[in-house]
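Please look through the sequence and the structure below before reading on. The report that follows takes up metal sites, nonpolar cores and salt bridges in turn.

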Amino acid sequence: MSLLKRRGKMPELRKDPIIGRWIIISTERAKRPHDFKSTHTSPPEKECPFCRGKENMTPQEVYSIKNEKGEWVVRIIPSKNPFLEVNTELWKKGKGPYDLMGGGGIHEVVVETPYHIANMADLEAEDIRKVFFVYCQRFKEIEKNPSIKYVLIFKNYGWSAGGGRVKHSRSQIIATPVNLKRVKEELEGAKFYYNYHERCIFCDIIRQELTSKERLVLDEDGFIAFVPFASRFPFEVWILPKDHSCDFYKIEEEKLFFLSQVIKKILFKIKSLLKDPPYNYVIHTAPFRRPHPHYWSTIEEDFHWHIEITPRLTEVAGFEWGSGFYICPTLPEEAARYLREA
Ligand SMILES: [Zn+2]
Ligand SMILES: [Zn+2]
Ligand SMILES: [Zn+2]
């Protein structure tokens, strides 16, 4: 029986198959797209330093791609308020139960367009392709730095998603000398599943989603987009390449255009269906295999890169912070149906 048919008013617990996190689907307060208030109230916009012509308002760029006229179309600049800094000495020490480390790392901003456009959903697929191309180039450059273990690429769009007071489409790159907890949970979960089944859990999830189609949003040109079975947030969407690969930045260049078309469609569906909500996306990819190459010995087979897009329609409250349990007020199967039809 389909999950949609047995949908009742009773809350349902669902377990994320990768990291084992439980979530609560509470349709008691069932939420359909129009039930969500657009939380786009934000303080007045500040002067934009990211538009073409305002380059003197930002730090010197570290990378850019240019058009035939020599003007930049996508550029990367160091963050003005970095969480981590490149030239910090790498040190480590312990104090009793506490470990400390110098904040050495990289924090950069990818300015995705020279024009004052707020939402990536409003860029052309070709412009989005350039952004993802730039991500890959930056990955390859950062990989040469032996102290970096992980590169996280993410986007905050809209005030309540951490997007700040300037409404100019951009994303961030953080490179760290340590592996990130959220990613490590996924890596460990995927490895555990692989050890037992000798299959990639993400490939198994893709097969399941393509068979059941209940949570499927898009399936085209080698990519799949679906609402995860144990969604933390209403209208959460994951995008995965159907061909198995653990490293995002090793994607073939010709596939980037297909990926950018899928991203454009999903972001546009979210924008139109949910009245331009704030959202985040993050790319989860494998860490650089250092300095313990054998520690993740099966990672090429067991992990599968993906993009997680999470609209910010609900507030994460004390219960979620304290318990790690998320409450999702929309049935994932229903969210998928709305997104398919949008
Ligand atoms: Zn601007
Ligand atoms: Zn896979
Ligand atoms: Zn992930």
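## The zinc ion (ligand 3)

The zinc ion (ligand 3) has as its protein donors E186 (OE), E186 (OE), H284 (ND1), H306 (NE2) and E308 (OE), which lie 2.0 to 2.7 Å from the ion. This is a predicted model, and the distances given here should be read with that in mind. Along the chain, the donors of this zinc ion (ligand 3) follow the spacing E-x97-H-x21-H-x1-E. Within this set, the pair H284 and E308 links distant parts of the chain, since H284 belongs to strand β13 (residues 279–284) and E308 to strand β14 (residues 306–311), 24 residues apart. H284 is buried, and E308 is buried as well.

## The zinc ion (ligand 1)

Around the zinc ion (ligand 1), the protein donors are C48 (SG), C51 (SG), H116 (ND1) and H168 (ND1), at 2.1 to 2.2 Å from the ion. The arrangement is tetrahedral, because the four donor atoms subtend angles of 100 to 118° around the zinc ion (ligand 1). In sequence, these donor residues are spaced C-x2-C-x64-H-x51-H.

C51 sits in the loop between β2 (22–25) and β3 (63–66), while H116 sits in the loop between β7 (106–111) and α1 (125–142), so the pair ties together parts that are 65 residues apart in sequence. With a relative accessibility of 16%, C51 counts as buried, whereas H116, at 40% relative accessibility, counts as partly exposed.

## Nonpolar cores

In soluble globular proteins, nonpolar side chains tend to be buried together. In this model the largest nonpolar core has 57 residues, and those with the most contacts inside this core are M120, F132, F248, L259, I266 and I307. Helix α1 gives the most to this core, contributing nine residues.

L259 offers a view of the packing: when its neighbours within four places in sequence are left aside, L259 is in contact with F132, F223, I239, F248, I251, W305 and I307. Apart from this core lies another core, of 27 residues, among them Y193, C203, W296 and I299.

## Salt bridges

Side chains of opposite charge can pair when their charged atoms come close. With a cut-off of 4 Å between a side-chain nitrogen of Lys or Arg and a carboxyl oxygen of Asp or Glu, the count comes to 31 salt bridges. One of these joins the side chains of E333 and R14, at 3.0 Å from N to O. E333 lies in helix α7 (residues 332–341) and R14 in strand β1 (residues 12–15), so the pair ties together parts that are 319 residues apart in sequence. Both residues, E333 and R14, are buried.

R215 forms a salt bridge with E209, and the closest N and O atoms of the two are 3.2 Å apart. R215 is buried, as is E209. Salt bridges that share partners join E12, R14, E209, E214, R215 and E333 into one network.

A further salt bridge is formed by the side chains of K130 and E126, at 3.6 Å from N to O. K130 and E126 are separated by about one helical turn, because they are four residues apart in helix α1. K130 is partly exposed, with a relative accessible area of 21%, and E126, at 31% relative accessibility, also counts as partly exposed.

Notes: Residues are numbered from 1 along each chain as its sequence is written. Chains are lettered from A and ligands numbered from 1 in the order in which they are written. This is a predicted model: local features need pLDDT of at least 70, side-chain atom pairs count only at pLDDT 80 or more; totals for chains, interfaces and linings use all residues. Side-chain values use heavy atoms; hydrogens and water are left out. Donors are N, O and S atoms within 2.8 Å of the metal (3.2 Å for Na, K and Ca); water is not among the atoms, so sites may look incomplete. Helices (H or I, at least four residues) and strands (E, at least two) are DSSP runs, numbered from the N terminus. Buried means under 20% relative accessible area, exposed over 50%, partly exposed in between (1.4 Å probe, protein chains only). Four donors count as tetrahedral if all angles lie between 85 and 135 degrees; four count as square planar and six as octahedral if opposite donors are over 155 degrees apart and all others between 65 and 115; anything else is irregular. A nonpolar core is a set of buried Ala, Val, Leu, Ile, Met, Phe, Trp, Tyr and Cys residues joined through side-chain atoms within 4.5 Å. Contact means heavy atoms within 4.5 Å.
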